[in-house]
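Me: Please take a close look at the parallel sheets of chain A, and then set them beside the contact with chain B. A connected account would serve me better than a list.

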Amino acid sequence: MATTLGELAVRYGCTVQGDPDVPISRVGTLLDAAGEAISFLANPAYRKQLAATHAAAVILAPEDAAQCPVSCLITDNPYALYARIATDLNPSSEAAPGVHASAVVGEDADIAPGVCISAKVCIGSGVRLAQGVFIGPGCVIGDRCELGTGTRLTANVTLCADTRIGARGLVHAGAVLGADGFGIARDGDRWIKVPQLGGLRLGDDVEVGANTTIDRGAIEDTIIGDGVKLDNQVQVGHNVRIGEHTVVAGCVAIAGSVTIGKRCMIGGAAGIVGHIALGDDVVISAFTFVSHSLGQAGVYSGSMPVDRSARWRRNAARLRHLDELAKKVRALEKKLAENEVAYSVHEKDESK
Amino acid sequence: MATTLGELAVRYGCTVQGDPDVPISRVGTLLDAAGEAISFLANPAYRKQLAATHAAAVILAPEDAAQCPVSCLITDNPYALYARIATDLNPSSEAAPGVHASAVVGEDADIAPGVCISAKVCIGSGVRLAQGVFIGPGCVIGDRCELGTGTRLTANVTLCADTRIGARGLVHAGAVLGADGFGIARDGDRWIKVPQLGGLRLGDDVEVGANTTIDRGAIEDTIIGDGVKLDNQVQVGHNVRIGEHTVVAGCVAIAGSVTIGKRCMIGGAAGIVGHIALGDDVVISAFTFVSHSLGQAGVYSGSMPVDRSARWRRNAARLRHLDELAKKVRALEKKLAENEVAYSVHEKDESK
Amino acid sequence: MATTLGELAVRYGCTVQGDPDVPISRVGTLLDAAGEAISFLANPAYRKQLAATHAAAVILAPEDAAQCPVSCLITDNPYALYARIATDLNPSSEAAPGVHASAVVGEDADIAPGVCISAKVCIGSGVRLAQGVFIGPGCVIGDRCELGTGTRLTANVTLCADTRIGARGLVHAGAVLGADGFGIARDGDRWIKVPQLGGLRLGDDVEVGANTTIDRGAIEDTIIGDGVKLDNQVQVGHNVRIGEHTVVAGCVAIAGSVTIGKRCMIGGAAGIVGHIALGDDVVISAFTFVSHSLGQAGVYSGSMPVDRSARWRRNAARLRHLDELAKKVRALEKKLAENEVAYSVHEKDESK
């Protein structure tokens, strides 16, 4: 879809600096864009690339406009505007509706018009697929699952029984939704399985990354709120509740019965222990282990600093004796205080 | 399956407090159970919910019986009893035996009566499936695999060649069992592949979580003992041996040639370096990196505490200089000791 | 394939100690090899097993030859030689070329002679498969993917559209290549998707572990260099570039826009924050979080030491006050210095 800078400015209500007739037909990076490609500047780390860009135009914030060597679109949120324009310029190809001959579909499945079911798909009984749902090749959908309007499963996704996804969902390849939670009860020296009887509900506009797993509830449902975005290889345990518009980066491990508030941001490879709660607007840095509830909004961190191995080894050895070190410091403080008292007494004695 | 509290007490040899004729037909949480639902109290964190419960009855320990506002079943292990009763009340629906028309089964596969092979399954040559095995949709089973009585693969599971699973196993969706271990040999500036020639053996009553991976052995087999339970997204490297009834929570990374004892508990997102051994009854806390063998039973931890980012940043900066700090403390101790000697000499001199 | 020790020595240009006519037909460990099995000694940790071996012969380094109780092959790199000999002794069984009747292949796919496409495979349009490619059961290959000569996808692998793999690649089960990166733009209280328009390119001789995920680029391609080896459950974000012959152990999380140099080694369960660069020959220890660029070659670490829980808890509590502790030490140093000045002044006064 080709357009001009001026048309984009009108469509999105923002300001053009430079030539509104510049043709725009694709996107590109600041470094490599050329021809009719529009680029963007959102992360200040890339500001130094602006001067040398050969993009047809750049989407940027007001404070960067003066330094822009080419035409630009000025907006307070360049990244969001870039996302919209990139979506316009690259409309996703619509899959043709229909059920592939190799798909196996439960007899009582309720499939709306406009649904596309690809090759090698298995769909259980009592499944309901709304208008515009896309089921990619190799997906398995268990009994009684429900998918809202326009929701897409890309390929080889597994939805276990009783998984419900709202509208406009997007689930990437290899994700497993609604598998049993890790419910085991100790019984002497062995463990017996606790049946996982709850389901899994995802709200509208939820994105689930490749090979991510979200467990069904033990008794009640696991619940993922509207607008939640989960990256790849995230693990969400049973009975977890994630509030609306929270985002979770790759490889995060969320144990069972955790409650996460709205608009939280969980950094990559973080871990959250079971049975705790994070409030709204909590931000967790990457590689941080959250071992207790964090009620207040704010940014929390807890990773160990990386260092040259030799130096790290010395520090780590000291770390194992940190408690003793703190006690030594306390002892020094006391001794010094006593000495001072003794010394001042001595001085007084002398001055008599 | 409906029953009464009294019937459950008889079946499991425990005590009723209250009305044995209360009908029980399902389970529920303390907060939400109502009607004929039985609940349980096992985790003390939920004790405060007991007073307000509307459950028909509660399974609990003797010390909680006095506070229970409704009828109850009294047992020393409420969670295990709950697991048994929940299983009774929710019998899993038996899949009809047979091979789906869309499944592809190797000609010489040895398939016992009562086996269910679902749609889109591929089974290699020389495979042996015992009585009651269930193979869910999309599973791929390599040559010479063997599955014991009643073992179930839920969906989209991959068993590579030579994987053997005992009786009553349960493997969740997306798990990959028996893939090549990470065997590479440095050869100048590049790496060459070391053939992975061993197999993989799982004992009886093993559960494997969704998207978990367990590698085959390099020369001999990787071995997972009876009763081991692995949660989702666990990685088990080649030549690992896990002892009986050990449980491993989600996202744990176990490197190659690790030996883990019996009845261990490995917390979520922990990591275990290669070529080490954990003794029996070792407990590893979540997010802990085990860098050396731990022979003695006990609880081991090693995560960095989470904190407000600003404060964490200050502490982390100091951590990078912990060795210098410890040396400063040592220097202070020496100097103070010297001063005291000097001071006492001085005092003695004066007192002459 | 059976041979003799002498034939192996000739083929690989190394020295025999002992009987060159020893027949060799398989490999084994030092502990368990017997009969015609050849073993190897590469890791010094296993040196003590050499004396008791019943292997027909052992591959080892010159310094270990004197202690070898059986015949041996002497080489500077025993593990690499073992890899080559094990490969010779265990030739992989060639899959018969052809397309299984249950596979679904896009009409315009360009499939070279000698390609094997297994059961339940789905191949999109515009796909190009070179000579000797093997596509295992259940794999899904999106539009316009290209696979080089001899590349193998074992089973249930998903290649999203526009993924290109060079020659002799090996992708293990459950891996997802080319899924959307985690591109989201904040827009008020919610997040909007940033289209992921780049592709994914893997060089020659790349191995990708089970359930590993590598995202496509946001605008330009994600690029994995020749000879790179990724273990299981690795996550590689969008726009990442990994240099040639770098190896990444299991469960590593690499965030978006990271550049990793050549010949790096990344230990298991490590994490790398987004938008940074690691130079050539950088080695990262297991469970280390890399939070900033590391330009210089060398070994870097950052894991917290594991300890008995009780002791760890005391140290962790102190760690939360490390900054205060460092300030106390500074205060002690100052005070002691002041006291010394005062004391020496006092002494001088007295000596007058």
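Reply: Two strands are said to pair if DSSP finds at least two bridges between them. In this predicted model, strand 26 (residues 213-215) and strand 29 (residues 235-236) of chain A meet that condition, with 2 bridges in the parallel sense. Within this pair, Ile214(A) stands opposite Val236(A) of strand 29.

Strands 26 and 29 belong to an open sheet of 10 strands in chain A, whose order is 9-12-15-18-21-26-29-32-35-38 and whose pairing is parallel. Strand 9 (104-105) lies at one edge of this sheet and strand 38 at the other, each pairing on one side only.

Chain A also holds an open sheet of 9 strands, again with parallel pairing, in the order 10-13-16-19-24-27-30-33-36. Its edge strands are strand 10 (110-111) and strand 36 (277-278), each of which pairs on one side only. At the strand 10 edge, the partner is strand 13 (residues 128-129), joined to strand 10 by 2 bridges in the parallel sense. Here Ile111(A) has Leu129(A) of strand 13 as its bridge partner. In general, strands of a sheet pair through backbone hydrogen bonds, either parallel or antiparallel.

The contact with chain B can now be set beside these sheets. It brings together 61 residues of chain A and 59 residues of chain B. Among the elements of chain A that give two or more residues to this side are strand 21 (176-179) and strand 38 (289-290), both of which appear in the sheet of 10 strands. Strand 22 (184-187), strand 23 (190-193), strand 39 (298-301), helix 3 (309-319) and helix 4 (322-351) likewise give two or more residues. Helix 4 gives the most, with 6 residues. By residue class, the side of chain A that touches chain B divides into 29 nonpolar, 19 polar and 13 charged residues.

Strand pairing also crosses from one chain to the other. Strand 39 of chain A is joined by 2 bridges to strand 40 (residues 307-308) of chain B, and these two strands run antiparallel. Across this pairing, Tyr300(A) stands opposite Arg308(B) of strand 40.

Finally, the two chains can be compared as copies. A turn of 120° and a shift of 0.0 Å along the axis lay chain A on chain B with an RMSD of 0.0 Å. That is the relation of a three-fold axis.

Note on methods: Residues numbered from 1 in each chain as written. Chains lettered and ligands numbered in written order. Predicted model: local features only at pLDDT ≥ 70, side-chain atom pairs only at ≥ 80, totals over all residues. Contact = placed C-beta atoms within 7 Å. Helix = DSSP H or I, 4+ residues; strand = E, 2+ residues; numbered from the N terminus. Nonpolar A, V, L, I, M, F, W, Y, C, P; charged D, E, K, R; others polar. Least-squares fit on C-alpha atoms with pLDDT ≥ 70 in both.
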